Amino acid sequence: MKTRALVWLRRDLRLADNAALAAALERCGEVYCAFVFDTDILDALPRNDRRVAFIRESLVQLDEAMGGKLAVRHGRAVEEIPRLAAELGVGAVYAARDYEPAAIARDDAVRTALAAQRIALEQVKDHVVFEPREVLTQAGTPYTVFTPYKNAWLKKLGTLDAGVHDVIPAQAGIQGVRGIRGVPPLADIGFEATDLRIPTGEQGARDLLEDFLKRIDRYDTTRDFPAVKGPSYLGTHLRFGTISIRELVRHARKRNSEGAKVWLSELCWRDFFFQILANFPHVVDGAFKRQYDAIEWEQDERLFRAWCDGRTGYPIVDAAMRQLNTTGYMHNRLRMVAASFLVKDLGIDWRRGERYFAEKLLDYELASNNGNWQWAASTGCDAQPWFRVFNPQNQQEKFDPQGKFIARYLPEGERIDPIVDHAQARERTLARYAAVRDAQ
């Protein structure tokens, strides 16, 4: 006999190709959907956090698409989900599997609470193309170098279309929850309105994708220039699941252009970093290459604040940081430049920069943020060599030669003298890394 089910939406705020929702509708007669504004997460955030505003606006659209049937709760998810499941009398809770340590711990707690009520927690793959143990070496171990991982990942893509679902209409079996009042305003959950500069929800993701597909064939030549409309700008939508990673991969595979191939490679990097995080969880707090945990970093708060505020005296770095602080977004090339500057020009621990990006980025995702920072710091798997130090002036001349991007965020009158000499900083960095390597 088919039972009732509750779909716990987290990072899959859409009706198209939603694996958890599709599984619940296929297996159960009555399906309810819920989202929890989890205070275990929200309490640590600033009251004007753009991500909360993005989620809220996306939920409004999702609720409308569901015909007003989305149940939204505010509280601890580990308490709210078991409570709602009991109220509804469901036999199972369906959710997309998450791979971040805190999320895993939360889900384990929910599973235990549900089990005490004889309710199952059924988790399905949704956030990634392939899960952390689906793409392994011939020896059965996780890959730690990107290129062979990518080759294996591409080879396995032949089975991608299995289990992919079309748009799920609201009348497909989704039930309304008695007494729900819709999505609460930000003020009701303790947050303030903020300046979102990105379209929200499933429709916003679709609009961005449609625009990008007109440019995708040139992606390989435009993606590195911050003054040019080159990226897809879909990172935030991938983060919160207002669009499916599988759908993006399918679009990339339809094209035979170099641009589409490069973009597909970027989507592969995302899976690569997810499997690194899941298989090597020590990267959350330390270097993937553990010997680099012994590096003696500078403890200069003045230099760190100058970097955060975009006042280093290097225009490309300062404009990048001001873009981040102003919009919650930073161009991918500039993320590498800004990260390299903090670690290898200022000699400051990469973890401080990683945490700052985690606070500011709309598209923040632990796996990718950690992986990219460790790449820039040369502490990660398959990272840039430790002796490679980006020259910020050269990066500016190569990728913003006319200063168009810099002019958007850094008025001419605010240019200041550099806080460090790059050539001298580079020598200090080489010595800092060499000291650790020589000690092995």
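Me: What is the relative accessible area of arginine 73?

Reply: Arginine 73 belongs to the class called partly exposed, which falls between buried (under 20% relative accessible area) and exposed (over 50%), using a 1.4 Å probe and protein chains only. Bear in mind that this is a predicted model, where local features need pLDDT of at least 70 and side-chain atom pairs count only at pLDDT 80 or more, while totals for chains, interfaces and linings use all residues. Residues are numbered from 1 along each chain as its sequence is written, and side-chain values use heavy atoms, with hydrogens and water left out. For arginine 73, the relative accessible area is 22%.

Me: Which side chain meets arginine 73 in a salt bridge?

Reply: A salt bridge here is a side-chain nitrogen of Lys or Arg within 4 Å of a carboxyl oxygen of Asp or Glu. Arginine 73 has such a pairing at 3.0 Å, N to O, and its partner is glutamate 87.

Me: How many residues apart are glutamate 87 and arginine 73?

Reply: Helices (H or I, at least four residues) and strands (E, at least two) are DSSP runs, numbered from the N terminus. Glutamate 87 sits in helix α4 (residues 77–88) and arginine 73 in strand β3 (residues 70–75), so the pair links distant parts of the chain. Along the sequence, their separation is 14 residues.

Me: How many salt bridges does the structure hold?

Reply: One of them joins the side chains of arginine 11 and aspartate 98, at 3.4 Å from N to O. Arginine 11 is in the loop between β1 (4–9) and α1, and aspartate 98 is in the loop between β4 (92–96) and α5 (101–115), so parts that are 87 residues apart in sequence are tied together. In the whole structure, the number of salt bridges is 35.

Me: Are arginine 11 and aspartate 98 buried or exposed?

Reply: The relative accessibility of arginine 11 is 6%. For aspartate 98 the value is 8%. Because both values come under the buried class, arginine 11 and aspartate 98 count as buried.

Me: Which residue forms a salt bridge with arginine 197?

Reply: Arginine 197 counts as exposed, at 53% relative accessibility. Its partner is partly exposed, with a relative accessible area of 34%. The closest N and O atoms of the pair are 3.5 Å apart, and that partner is aspartate 195.

Me: Which residues do salt bridges that share partners join into one network?

Reply: The arginine 11 and aspartate 98 pair, at 3.4 Å, belongs to it. The full membership of this network is Arg11, Asp98, Glu100, Arg270 and Glu365.

Me: Which side chain of opposite charge is nearest to buried glutamate 354?

Reply: Glutamate 354 lies in helix α15 (residues 350–360) and has no salt bridge, although it is buried. In charge terms, Lys and Arg count as positive and Asp and Glu as negative, while His and the chain ends are not counted. At 5.8 Å, the nearest side chain of opposite charge is arginine 355.

Me: How far apart are the axes of α15 and helix α16?

Reply: Glu354 is one of the α15 residues at this meeting, and Leu366, Asn369, Asn370 and Trp373 are among those it and its helix meet in α16; contact means heavy atoms within 4.5 Å. Axes are lines fitted to C-alpha atoms, for helices over the stretch in contact, with angles from 0 to 180 degrees between N-to-C directions. The two helices pack at an angle of about 145°, and their axes are apart by 10 Å.

Me: Where is methionine 330?

Reply: Methionine 330 is buried, with a relative accessible area of 1%. Leaving aside neighbours within four places in sequence, its contacts include Phe357 and Leu361. Leucine 361 is 31 residues away in sequence and 7.7 Å away in space, C-alpha to C-alpha. The place of methionine 330 is the loop between α13 (315–327) and α14 (332–345).

Me: In which helix does phenylalanine 272 lie?

Reply: UniProt, in an unreviewed entry, lists Phe272 among the residues of a "binding site"; such annotations may be inferred rather than shown by experiment. Phenylalanine 272 counts as buried at 0% relative accessibility, and its contacts beyond four places in sequence include Tyr143, Phe146 and Cys381. Its helix, spanning residues 258–279, is α11.

Me: How many of the 10 residues of helix α10 are buried?

Reply: Helix α10 (residues 245–254) is mostly covered. Its buried residues include Ile245, Leu248 and His251, and what covers them includes α1 (19–27), α6 (146–156) and α11. Of the 10 residues, the number buried is seven.
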